[in-house]
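Reader: I should be grateful for a close look at a single part of this model, namely a small sheet together with what surrounds it. Please set that part in its wider context as well.

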Amino acid sequence: MEPFVKHTGLVAALDRVNVDTDQMVPKQFLKLQTRQGYGRVLFYDWRYLPGEKPNPEFVLNYPRYKAASIILARANFGCGSSREHAPWAILDYGFRAILAPSYADIFYNNCFKNGILPVTLTNDQMDELFRRTEKTEGYRLTVDLEQQIVTDEQGLRYSFTVDPFRRDCLLKGLDDIGLTLVHANEIAAFEKKGVRSPVMYQPVDVKFHREAT
Amino acid sequence: MTPRTLYEKIWDAHLVHEQAGQPSLIYIDRHLIHEGTSPQAFAGIKAAGRTVRRPELTFAAMDHSVSTKNRALPVLDPDAAGQFEALARNCKEFGVNLFDMHSRNQGIVHVIGPELGITQPGFTIVCGDSHTSTHGAFGALAFGIGTSEIEHVLATQCLSQFKSKTMKIDVRGKRQNGVTAKDIILAIIGKIGIAGGNGHVAEYTGEAVRGLSMEGRMTMCNMTIEGGARAGMVAPDETTFAYMEGRPFVPRGKDFQVAVDYWKSLATDPGAQYDETITLHAEELAPMVTWGTNPGMVTQVTSRVPDPHSFKDPVDQKAAERALEYMALEPGTPMQDITVDRVFIGSCTNSRLEDLRAAAKVVAGKHVAKSLKQALVVPGSRRVKVEAENEGLDKIFLDAGFEWRDAGCSMCIGMNDDVLPAGERSASTSNRNFEGRQGKGSRTHLVSPLMAAAAAIEGHFVDVRTWDVDGADFRPGKSRSDLNGL
């Protein structure tokens, strides 16, 4: 995972509440077996007209938002399906940071696994950022995870909080599985401990039921 | 000892490692996977030179993209075929149980887990699918995860998790005839909103919940995620134990008694504190129908399509306006005047035997409206299908003009060829009415199986309370109960 320390980039504003992950990556793109290449299909049904012609009315197709790498969103961003294709698409499209007043739990968690920083700000702060983005073409923000601040070139400065552990993992680009395997002995001990009856851990007659083709 | 909630008891029993300021490592008892979200996880395992730590605790099913028509035919969609092949190959390579599309136990992963007894009270259960919350009906801690976490569970049989806040959702009193578990959960989501449960694990309590069958409890827990909470739970009781007994993966004989004794200890202690409590009165609830593009945009069938200006918050107004435009609905339209093009009875929310019995009772001796383009019944599993056929439900549906299909996710998500065409309107027993969910440009109204069946007959929504329904005990034919042997 690529670490996230500090990022400066063009800001795009998606002024919709409750954007669900079905919109980010519609079902027909869930049949692939890769983690890459989903940027092209991000917000597919909103972004394209029939024949994959860009829909000029969708914000990400506005020329002024081309090459944006920070996205402003509204409350409960990423609700619905757990599909990690959603953050994969966001990253692959080129977004490194999301700024929103709130996120759905699974999506929020999935962002951190992919080097995307989801920043949580207040509704008022978001309103101000939406205003500035829409007013100033080429509006840029700097998102600094180390300092936990969002700044612009006009002197705006918002601080944000993020769980220290998640922050640390993102700053260093740490591999989750590697971190867990440090505790391999504890996992093995837990498995042997038998706090509960062994029948709870061991499926009965597994071999008999095995149906692998 | 401090009184603890059901959630806290399961959490404590699975703690492998905890350290202040860090997420805890919790052990995962059962891991369910499907073709859609697992290939990248297996690829990650292989690329890192890792292996699957406890393959016998992972169970795989093909469900999202399977055809509900003739399985003997080759899979024409090359991407879907590729995913099926990848799942079969990965399961074989790592020794994971697989219920492939030809297995007689195949079905939607959230239907077969419980019916095979893979799902048990007190377990931690995860799956790369947000509707994993379904399994919480058994008093398990069950929630959906992303593909990175699938890989994590495969490699370590653990997950790194922050403890959630708790929310008690107390549904008091008795529901009216014709009001189902689906209506209760839709009413809850309507009340708390689709982000109302964010950061929480919900526990459902109260007389109306206790009075539900396991199928009904699964419907409620299934849609918990639509209210924002990752997991929903119901404390196990006699209804749960009776359901569990004799299922293939459930302990037997003396072991079963040991298990039941443990399960009994899981219920929330008197005096345990929740971070939040919501109360509903079941007798006030009516059959529900969604009017918008998320499950929180819902109202009673006797009500009307709301006016966006009736919402206080400008953000909600804008969302409602946009939703009504997408749904092609006018404010003030009585819900019962809304006509539907297709009806879908199925999905991990409502495709179990009880759901099919209820719908069959509504349609028995009647015929779907002439205006209807399609009425689909898709059993949640092949076991459900066989059981329903043994009771003659298939015949009732076919005689009434429904199609009777093989098991899978089908038109809930439209990853196979069961797609709702653009501009068409469905009455659907599924869980999401997002834009494009059932097909690009499609318009979904979420309802209970009773309501979907009645809409199929009339061609528009009707208040099923005025019909002679509540068909959970409806068994037209002879029932065979020897399905527990595999």
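Author: The account below begins with the sheet, moves to the contact between the chains, and ends with one residue and an outline of one chain.

The model is a predicted one. In chain B, three strands make up an open sheet whose order is β1-β2-β8, with antiparallel pairing. The edge positions belong to β1 (15-17) and β8 (158-161) of chain B; each has a single partner strand, so one side of each is left without a neighbour in the sheet. On average, and with direction ignored, neighbouring strands of this sheet are turned by 40° against each other.

The pairing of β1(B) can be followed in detail. Its partner is strand β2 (residues 24-27) of chain B; the two run antiparallel and are joined by 2 bridges. One residue pair to locate in the display is H17(B) with L25(B), where L25(B), in β2(B), is the bridge partner. Chain A also takes part in these surroundings: helix α8 (residues 184-193) of chain A packs on the sheet and touches β1, β2 and β8 of chain B. The direction of this helix makes about 150° with that of β1(B).

That packing leads to the contact between the two chains. On chain B, 70 residues are in contact with 54 residues of chain A. The element that gives the most to the chain B side is helix α3 (residues 78-94) of chain B, with 8 residues. Sorted by class, the chain B side that touches chain A comprises 29 nonpolar, 28 polar and 13 charged residues.

A single residue of chain B also merits inspection. I189(B) lies in helix α6 of chain B, which spans residues 181-192. I189(B) counts as buried because 26 other C-beta atoms lie within 10 Å, where 20 or more are required. Leaving aside residues up to four places away in sequence, I189(B) touches I194(B), M223(B), E226(B), G227(B), P295(B), G296(B) and V298(B). Between the C-alpha atoms of I189(B) and I225(B), which are 36 residues apart along the chain, the separation is 9.5 Å.

Finally, chain A, which supplies the helix on the sheet, may be outlined as a whole. Its secondary structure consists of 9 helices and 9 strands. Taken along the principal axes, the C-alpha atoms of chain A fill a box of roughly 65 × 45 × 25 Å. Of the 213 residues in chain A, 42% are buried. Among contacts in chain A between residues at least 6 apart in sequence, 70% link residues at least 24 apart.

Note on methods
Residues numbered from 1 in each chain as written. Chains lettered and ligands numbered in written order. Predicted model: local features only at pLDDT ≥ 70, side-chain atom pairs only at ≥ 80, totals over all residues. Helix = DSSP H or I, 4+ residues; strand = E, 2+ residues; numbered from the N terminus. Buried ≥ 20, exposed ≤ 12 C-beta atoms within 10 Å, placed from the backbone. Contact = placed C-beta atoms within 7 Å. Nonpolar A, V, L, I, M, F, W, Y, C, P; charged D, E, K, R; others polar. Pairing = 2+ DSSP bridges. Axes fitted to C-alpha atoms, helices over the stretch in contact; angles between N-to-C directions.
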